[in-house]
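Here is a short briefing on one metal site and one sheet. Keep the 3D view open as you read.

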Amino acid sequence: FTELESDQVARFQEYLRIRTAHPSPDYAGAAAFLLPYAASLGLRTTTLHFTPCKTKPLLLLTWPGSDPSLPSVLLNSHIDSVPAEAERWSHPPFAAHRDPATGRVYARGAQDDKCLPVQYLEAIRGLRAAGFAPARTVHISLVPDEEIGGMDGFEKFAQSEEFRALNIGFMLDEGQASPTDVFRVFYADRLVWRLIVKAAGAPGHGSRMFDGAAVDNLMDCLETVSGFREAQFGMVKAGERGPGEVVSVNPVYMKAGIPSPTGFVMNMQPSEAEVGFDLRLPPTADIEQIKRRVKEEWAPAHKNLTYELTQKGPVTDGAGHPIFTATDESNPWWSVFEQAITSAGGKLSKPEILSSTTDSRFVRQLGIPALGFSLMSNTPILLHDNDEFLEDKVFLRGIKVYEHVIRALSSFQG
Ligand code: MET
Ligand SMILES: [Zn+2]
Ligand SMILES: [Zn+2]
């Protein structure tokens, strides 16, 4: 590595060491790292707050263009991460350990998505060093609370006067790693729902067989959901559908039993049981049909099951249409982006629907084109997983590709 490249990897590690994981992300620590970093590159910095307590800063970094009449380009990244089960990691999740043999940097957030701001900023450093001056203004937004739905983050930002004033023409946001050498690009997100099913039932002796116990009722629900899940997953396994093109439903917690000092009482059947599901729908899914399925098949009242089904974020855009960004000639930004990747010597995947959900949905909802994009090629998909890592060489190559992308997008005269 050159001295610059070593510094770039070191800056990535430094950012990863700031504990921005939920449930108590260190947003102040992140701001104290990112704001002076951006200022040192000559960017304008602004801090916005959308909560009265001002504990959730939204940082805006700006590289002014020579033609302020042109709509600007926004590069987004969320500051927060999901938590980590530290004892199950091979390296501590907030140490950002770099394995010298493989170049892998291990940390919560290495992929999702704390590589991005450092790559954006280092790409700008490279462009400035090359004497490049953008025609369009380039903004970087570093936002809080994406992992918990964005209600105090991008959702409020997208509705704000400050956002409108930025006059954004196009946004790039996070994507997902690619196990092959193509870069993945995403034109839509799945809708994110949470489903909580509660079962009630007759309590009784642990030894007695009877109908209608709470856990028995909940198991009926799990069995039905599992059948549906297998059918959806089957289409992905068979290669008929992409992972973003089916409905996913995964149990993420279960609660039942009567606690005792040593664990749970073993010879009593409890009168309540509960399961939580992460439910994701493709943007064009028939929502009424899913709602009916939950009510009639997954959690029918006659089995003593009740449920809460809640949706996070928008379902349709302002015109009532499913939320996605065009990836054809109707969207001039698409071809500018595609050409930038080619000029950087990269290959792009066929545009996909992202299987997870990002802040892009709030921008697309406004009719502004936004793509999810990831330069993590030849990398296993480890977001929200243990031992999340990114290889230093992949990270560094990403900076070079962002140089091409930022140059092209900010020069676009259409
Ligand atoms: C709860 S909104 C989405 C949060 C996160 N990006 C996910 O896909 O799980
Ligand atoms: Zn993310
Ligand atoms: Zn995430």
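The points below cover a zinc site, the residues that link it to the chain, and a sheet with its helix. The model is predicted. The zinc ion (ligand 3) takes its donors from Asp 112, Glu 147 and His 384. A sheet of 3 strands is also described, with the order β4-β5-β19.

**Zinc site**
- Asp 112 (OD), Glu 147 (OE), Glu 147 (OE) and His 384 (NE2) coordinate the zinc ion (ligand 3), at 1.9 to 2.7 Å.
- The site is irregular, with angles of 53 to 151 degrees among the 4 donor atoms.
- Along the sequence, the donor residues follow the spacing D-x34-E-x236-H.
- Asp 112 also bridges to a second metal: the zinc ion (ligand 3) and the zinc ion (ligand 2) lie 3.4 Å apart.

**Asp 112 and Glu 147**
- This pair links distant parts of the chain, 35 residues apart.
- Asp 112 sits in the loop between β5 (104-106) and α3 (115-129).
- Glu 147 sits in the loop between β6 (138-143) and α4 (154-158).
- Asp 112 and Glu 147 are both buried.

**Sheet and helix**
- The sheet is open, and its pairing is antiparallel.
- β4 (97-98) and β19 (389-391) are the edge strands; each has a single partner strand, so one side of each lacks a neighbour in the sheet.
- Strands of a sheet pair through backbone hydrogen bonds.
- Between β4 and β5 there are 2 bridges, in the antiparallel sense.
- Arg 98 has Val 105 in β5 as its bridge partner.
- Helix α10 (residues 392-411) lies across β4 and β19 and runs at about 70 degrees to β19.

How values were computed: Residues are numbered from 1 along each chain as its sequence is written. Chains are lettered from A and ligands numbered from 1 in the order in which they are written. This is a predicted model: local features need pLDDT of at least 70, side-chain atom pairs count only at pLDDT 80 or more; totals for chains, interfaces and linings use all residues. Side-chain values use heavy atoms; hydrogens and water are left out. Donors are N, O and S atoms within 2.8 Å of the metal (3.2 Å for Na, K and Ca); water is not among the atoms, so sites may look incomplete. Four donors count as tetrahedral if all angles lie between 85 and 135 degrees; four count as square planar and six as octahedral if opposite donors are over 155 degrees apart and all others between 65 and 115; anything else is irregular. Helices (H or I, at least four residues) and strands (E, at least two) are DSSP runs, numbered from the N terminus. Buried means under 20% relative accessible area, exposed over 50%, partly exposed in between (1.4 Å probe, protein chains only). Two strands pair if DSSP finds at least two bridges between them. Contact means heavy atoms within 4.5 Å. Axes are lines fitted to C-alpha atoms, for helices over the stretch in contact, and angles run from 0 to 180 degrees between N-to-C directions.
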